[in-house]
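User: I have a two-chain model open and I do not know how to read it. Can we go through it step by step?

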Amino acid sequence: MSDQPGRIAKRFAELAASGRKAVIPYLVAGDPAADISVPLMHRLVQAGADIIELGVPFSDPMAEGPTIQRGHERALDKGIRLRDALAMVAEFREQDNDTPVLLMGYANPVVGMGFARFADSASEAGLDALLTVDMPPEEVEALNTELKRRGLDNIFLVAPTTPPERVEKITEVATGFVYYVSLKGVTGAGHLDVDSVSEHVALIRRYTQLPVAVGFGIKDAESAARVARDADGVVVGSALVQLMADRAAAGAGQDEILEAAARLLADIRAGVDSVAPLEAVGGAERQAAD
Amino acid sequence: MNQITTDLLAATPDDAGRFGDYGGRYVSETLIAALEELDSLYNRLSRDPDFQREFDEDLAHYVGRPSPLYEAKRWSDMLGGARIFFKREDLNHTGAHKVNNTVGQALLAKHMGKKRIIAETGAGQHGVASATIAARLGMECHVFMGEEDVHRQSLNVYRMKLLGAEVVPVTSGTRTLKDAMNEAMRDWVTNVDNTFYIIGTVAGPAPYPRLVRDFQSVIGREARAQSLAMTGKLPDALVACVGGGSNAIGLFYPFLSDEGVAMYGVEAGGDGLATGRHAAPLSAGTPGVLHGNKTYLMQDEDGQILHTHSVSAGLDYPGVGPEHAWLKDMGRVEYVAADDTETLAAFHEVTRTEGIMPALETAHALAYTARLAPTMGRDQVIVVNLSGRGDKDINTVARLDGIEL
């Protein structure tokens, strides 16, 4: 592996230098249409996305709420599998060599491909990181060895139920950034507790210098703004998946769906930017960047 | 075959919940703390004589244990081979082995102060057993059941409602047992503070495979003593059906280090293994990760879980408990499959010759016994786990026989 900082570290460093927070959209590879994902990734970047999180469709997405479950089912119906998601990353890289891309999914497709083959294919495609929902640190040793060999980050979740000593254990194996799950529940649930997010982000920072992104309950500019006060990045998933599914169901064409997705992303970008620079104005990083 | 010594048994699963390479705790981070809490509580209570006494008393006075070991003489004579004995789990309260486990887990829930229980169910037997124990302990109970199974097992759905449980039809994925388990996990992750998840089989994240095995092992312990008393020796063979595998592990476990006892786990062959329309991961699957554990799965080459098919809702599951995966690789248990047709034939045969109507799940074990017994001598003994009664399946059997009730 190379000692050069990866795209994720580089992106967070750039953001910190300009006092901004990362906006991280999640999409299911191949949803709502098999050929929409690569144009969508480019469009989201233009609209202000800093990192792209690409969901790998799985038959049994246990951590997902109904919205993203249906996204997985639609993508599977169109024949989209892990290797197709990797092909999308490779195609995205033909035009964008800077924006970090991470895959988010479940263990079994990666187990099925084999850890070594996955790491090789992912690295060749230009992927930056993997987040496997159902592979906590206790189960990850063999996978991490292969990811490290190809310089890929492994992103881990920290949950509201994670006790402090476990946060330490997780941050010992985590690279790239730490993903804080903002609520007890599945993706797209509606009970975000901002105070609890604030406490937990502070707890994570006691153990690691890695950036902390927050996801699971963020659906609009307002909730994104509230979370961005404490976090280094916000993930928006279900709101985006739902919006595109609704447009597709109403018969919208690809351009119209991309346009709607870009508008939502821009809105979230504005929400995040409305608070983030204020916090950093007095900060050394901001002044240095100015 | 690798010998399973008592030392190896005592060390399995290990502290990480692994049976060889299988098992483990493949769940999202939100559930880890709850599983660790359950693990440490169970480590303590499983060595606590008061807890064991409480469990044993419930088994005796509420479940009705010990269940009899019954010699099926007419059926044995008809098959013309080994003497066949049925371990009568169908005579338990609620009509199947499932209740042994729900009684045990409900005691754990009580010790943890949880007032709300959830469960997944396929055939409805585990759902009924969970609803039953919830009614007895005054707990709120939600049972997740695939929409297709809700239709297949309408009688059990109504039983659960009578017991005060809420039955939640699951409409995602294949609308069967695996999707019910996904939905139960989603509920648990949302309500983890006040909810105890009673998993119905020896699968799922650690410590479930171990604790469900321990609660079900009463089957094998009784069968071992009964067999010695009635035949003067250990059985030559044990036969049990395997979906997730809890009744099979319950029977097998206390015999694992007895080298002379052959064991057969019978999976659901559906339309036949060659058709791909079955639910037999040990016979025709490959290792992977699903529902919190590494085990044999029915999956495609991309790691997507395949649709399963079986006449019995309780075996219609693409995975299997990790201890079975380990026992298969060790060569200790032979895993075979019985298809829908021979299962239905065995159902009728045992009903007509012994006056015992087995559950369709159980009839898979009987179908294999019908193949095995004639190959053995008259002085040899087979113990079959008669894991559940067939009342719940009468509508299905009638439909398959072309009869309208």
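Analyst: We start with each whole chain, then turn to helix packing, the contact between the chains, and some single residues. Keep in mind that this is a predicted model.

User: How many helices and strands are there in chain A?

Analyst: Counting elements is a good way in. Chain A has 13 helices and nine strands. For chain B the count is 17 helices and 14 strands.

User: How compact is chain A for its length?

Analyst: Set the radius of gyration beside the value that the globule rule gives. For chain A the radius is 18 Å, and the rule gives 19 Å for 290 residues. The two are close, so chain A is as compact as a globular protein of that length. Its C-alpha atoms fill a box of roughly 50 × 40 × 35 Å along the principal axes.

User: What does the rule say for chain B?

Analyst: A compact globule of 405 residues would have a radius near 22 Å. Chain B has 19 Å, which agrees. The box for the C-alpha atoms of chain B is roughly 55 × 50 × 45 Å.

User: What share of each chain is buried?

Analyst: Burial is read by counting neighbours around each residue. In chain A, 55% of the 290 residues count as buried. In chain B, 62% of the 405 residues do.

User: How much of the contact network links residues 24 or more positions apart?

Analyst: Take the contacts in chain A with a separation of 6 or more. Residues 24 or more positions apart account for 75% of them. For chain B, the figure is 75% on that basis too.

User: Now helix packing. At what angle do α2 and α4 of chain A pack?

Analyst: Look at two things: the angle and the distance between axes. Helix α2(A) covers residues 37-46, and helix α4(A) covers residues 82-93. They pack at about 50°, with their axes 9 Å apart. The two helices are therefore oblique to each other. Their crossing is right-handed.

User: Which residues make that contact?

Analyst: From α2(A) come Ser37(A), Val38(A) and Met41(A). From α4(A) come Met88(A), Glu91(A) and Phe92(A). By type, that is four nonpolar, one polar and one charged.

User: What about the contact between the chains? How many residues does each chain give?

Analyst: Count each side separately. Chain B gives 29 residues and chain A gives 32. On the chain B side, β2 (22-26), α2 (29-45), α9 (177-190) and β11 (286-290) each supply at least two residues. The largest share, six residues, comes from α9(B). The chain B side divides into 12 nonpolar, 11 polar and six charged residues.

User: Where does Phe58(A) lie?

Analyst: To place a residue, find the elements on either side of it. Phe58(A) is in the loop between β2 (52-55) and α3 (66-77) of chain A.

User: Is Phe58(A) buried or exposed?

Analyst: The cut-off for buried is 20 or more other C-beta atoms within 10 Å. Phe58(A) has 27, so it is buried. Beyond neighbours within four places in sequence, its contacts include His72(A), Tyr106(A) and Pro109(A). Another is Gln304(B), in chain B. Val28(A) is 30 residues from Phe58(A) in sequence, and 10.0 Å away from C-alpha to C-alpha.

User: Which peptide bonds are cis?

Analyst: Check the omega angle. The bond from Asp31(A) to Pro32(A) is cis, with omega near 5°. Pro32(A) sits in the loop between β1 (22-28) and α2 of chain A. In chain B, a cis bond joins Ala206(B) and Pro207(B), with omega about 10°. Pro207(B) is in the loop between β8 (195-198) and α10 (208-216) of chain B.

User: What is phi of Thr94(B)?

Analyst: Look at the sign as well as the value. Phi of Thr94(B) is near 75°, a positive value in a residue other than glycine. Thr94(B) lies in the loop between β4 (83-88) and α5 (98-112) of chain B. With 24 other C-beta atoms within 10 Å, Thr94(B) is buried.

User: And what phi does His291(B) have?

Analyst: His291(B) has a positive phi of about 50°, although it is not a glycine. His291(B) is in the loop between β11 and β12 (292-297) of chain B. It counts as buried, with 28 C-beta neighbours inside 10 Å.

Key:
Residues are numbered from 1 along each chain as its sequence is written. Chains are lettered from A and ligands numbered from 1 in the order in which they are written. This is a predicted model: local features need pLDDT of at least 70, side-chain atom pairs count only at pLDDT 80 or more; totals for chains, interfaces and linings use all residues. Helices (H or I, at least four residues) and strands (E, at least two) are DSSP runs, numbered from the N terminus. A residue is buried if 20 or more other C-beta atoms lie within 10 Å of its own, exposed if 12 or fewer, and partly exposed in between; C-beta atoms are placed from the backbone. Two residues are in contact if their C-beta atoms, placed from the backbone, lie within 7 Å. Axes are lines fitted to C-alpha atoms, for helices over the stretch in contact, and angles run from 0 to 180 degrees between N-to-C directions. Angles under 35 degrees count as roughly parallel, over 145 as roughly antiparallel, 65 to 115 as roughly perpendicular and the rest as oblique. A crossing is left-handed if the near helix is turned anticlockwise from the far one by less than a right angle, and right-handed if clockwise. Ala, Val, Leu, Ile, Met, Phe, Trp, Tyr, Cys and Pro count as nonpolar, Asp, Glu, Lys and Arg as charged, and the others, Gly among them, as polar. The radius of gyration is taken over C-alpha atoms; the globule rule is 2.2 Å times the number of residues to the power 0.38.
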